[in-house]
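Please open the model in a viewer and keep the sequence panel visible. The tour below proceeds by selection, one stop after another.

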Amino acid sequence: MQPFPEVRRPAIDLPEQVTVFEVGARDGLQAEKQTVPTEVKVELVTRLIEAGLTHVEATSFVSPKWVPQLADAAEVMAAIPRPEGVRLPVLVPNQRGLERALAAGARDIAVFVSATESFAKANLNNTVEGALALAEPVVTEARAAGVRVRGYVSMCWGDPWEGPVPAEQVAGVTGRLLEFGCDRVSLGDTIGVATAGGVRDLLATHADAGIGVDRLALHFHDTYGQALANVYAGLECQVSEFDSSAGGLGGCPYARSATGNLATEDLLWLLHGLGIETGVDLQSLVGTSTWLAGRLGRPSPSRVVNALAGAQQ
């Protein structure tokens with residue numbers, strides 16, 4: 001049986017083009033309990049680039065003590081291809097991480113803060129204000145070195161300890177990161193509790209604070225099956241950058257109930273069906289996620305991967 005073809009029905013009043021920000025090689029793999037060999041990580045990044053992804057988060061220069069899975073960050077950076085026009089950001093937690101990233105040749109970095117005190121304590125052993133204070137010199141030094149900086153804000157819709165998070169609280173943290181010099185800030189639904197109405201509300205609150213959607217990206221988890229509905233709400237608000245993970249890899253080891261990231265293949269099926277250009281070859285990406293699932297020893301949670309891979313058998 002042949003895979004069902006993508007059917008494109010151009011939508012009205014949605015972005016014509018969307019950037020897919022692939023996080024599988026970092027955010028996806030960091031929660032894996034078994035050690036993933038360096039050569040597998042390098043092949044994964046290589047295949048993601050070959051599929052047409054132009055923003056591929058490659059690794060993280062966090063302390064190996066805290067995330068041993070990514071202890072080989074320098075080795076990965078040394079081995080991955082760096083074609084023209086492809087951005088390979090890396091996550092850095094502090095100035096020491098920035099030094100290591102710059103030494104490895106990184107030209108794009110990302111910094112990470114929480115919108116809530118409870119998660120800042122659980123994930124960063126810090127306060128929200130303390131995490132922002134750590135991020136500011138990292139952003140400043142990176143910008144001085146000619147490096148682009150992206151910001152991540154976690155727990156933007158809900159926190160497992162604190163419950164629903166006020167939109168104004170999130171916008172305040174976003175504003176600080178932009179003031180520091182971040183080019184764009186990704187708003188994360190770390191435990192997957194957002195709904196479409198909440199997405200619109202948070203984006204409207206940012207707009208009221210003078211932060212346009214051109215400075216924002218959205219990062220959804222599919223814990224309650226709402227990720228694609230939330231993407232569509234973001235599209236209706238003209239957001240044009242979304243984070244996703246090949247094959248639906250990932251979760252957060254520091255957040256109870258956090259399941260996998262939105263699968264890149266599922267996101268592409270939605271976007272391509274709406275006639276939105278991404279530049280990514282879906283079939284190639286399905287092949288990559290199927291290959292990686294075999295290396296990890298379990299099937300991909302992505303419905304699109306399973307549907308298309310099953311049709312090819």
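How many salt bridges does a search of the whole structure find? The model is a predicted one, and the search returns 14 salt bridges. Several of them serve as stops on this tour.

**Lysine 41 and aspartate 72**

Select lysine 41 and aspartate 72, whose side chains form a salt bridge with an N to O distance of 2.8 Å. Lysine 41 belongs to helix H2 (residues 38-50), while aspartate 72 sits in the loop between E3 and H3, so that the pair links distant parts of the chain, 31 residues apart. Both lysine 41 and aspartate 72 are buried.

Keep this view and add leucine 70, which is located in the loop between strand E3 (59-60) and helix H3 (73-79). Leucine 70 has 1% relative accessibility and therefore counts as buried, the cut-off being under 20%. Neighbours within four places in sequence aside, leucine 70 contacts Ala25, Arg26, Gln30, Lys41, Thr59 and Ser60. For a sense of scale, display cysteine 156 as well: its C-alpha atom is separated by 25 Å from that of leucine 70, and the two residues are 86 apart along the chain.

**Arginine 87 and aspartate 108**

Next, select arginine 87 and aspartate 108. They form a salt bridge in which the closest N and O atoms are 2.8 Å apart. Because arginine 87 lies in the loop between H3 and strand E4 (90-91) and aspartate 108 in strand E5, the pair ties together parts that are 21 residues apart in sequence. Arginine 87 is partly exposed, at a relative accessible area of 28%, whereas aspartate 108 is buried, at 4%.

**Glutamate 241 and arginine 150**

Move to glutamate 241 and arginine 150, where the side chains meet in a salt bridge of 2.8 Å, N to O. Here glutamate 241 is in strand E11 (residues 241-244) and arginine 150 is in strand E6, a link between distant parts of the chain, 91 residues apart. Glutamate 241 is buried, with a relative accessible area of 6%; arginine 150 is also buried, with a relative accessible area of 6%. Extend the selection to Arg184 and Asp243: together with Arg150 and Glu241, they are linked in a network of salt bridges.

**The nonpolar core**

Which residues touch the most other members of the largest nonpolar core? Select Ile109, Val111 and Leu187, which do so in this core of 89 residues. H6 gives the most to the core, with seven residues. Now centre on valine 111. Neighbours within four places in sequence aside, its contacts include Leu91, Val92, Ala135, Val138, Val139 and Val149, and also Arg150, the residue seen in the salt bridge with glutamate 241. Another core, of five residues, lies apart from the largest one; among its members are Phe21, Val23, Leu91 and Tyr152.

**Helix H5**

Finally, select helix H5 (residues 117-124), whose buried residues are Phe119, Ala120 and Asn123. Why are these residues on the same side of H5? They are so placed because they cover an arc of only 105 degrees around the axis. What covers them includes strand E5 (108-114), helix H6 (128-144), strand E6 (148-154) and strand E7 (158-159).

Inspect both ends of this helix. At the N-terminal end, threonine 116 acts as a cap, with a side-chain oxygen 3.4 Å from the backbone nitrogen of phenylalanine 119. Just after H5, asparagine 125 adopts a positive phi of about 50 degrees.

Technical notes:
Residues numbered from 1 in each chain as written. Predicted model: local features only at pLDDT ≥ 70, side-chain atom pairs only at ≥ 80, totals over all residues. Heavy atoms only, no water. Buried < 20%, exposed > 50% of the residue type's maximum accessible area, 1.4 Å probe, protein only. Helix = DSSP H or I, 4+ residues; strand = E, 2+ residues; numbered from the N terminus. Arc of directions from axis to C-beta. Contact = heavy atoms within 4.5 Å. Polar contact = N/O pair within 3.5 Å; in protein donor to acceptor, adjacent residues only side chain to side chain. Core = buried A, V, L, I, M, F, W, Y, C linked by side-chain atoms within 4.5 Å. Salt bridge = Lys/Arg side-chain N within 4 Å of Asp/Glu carboxyl O.
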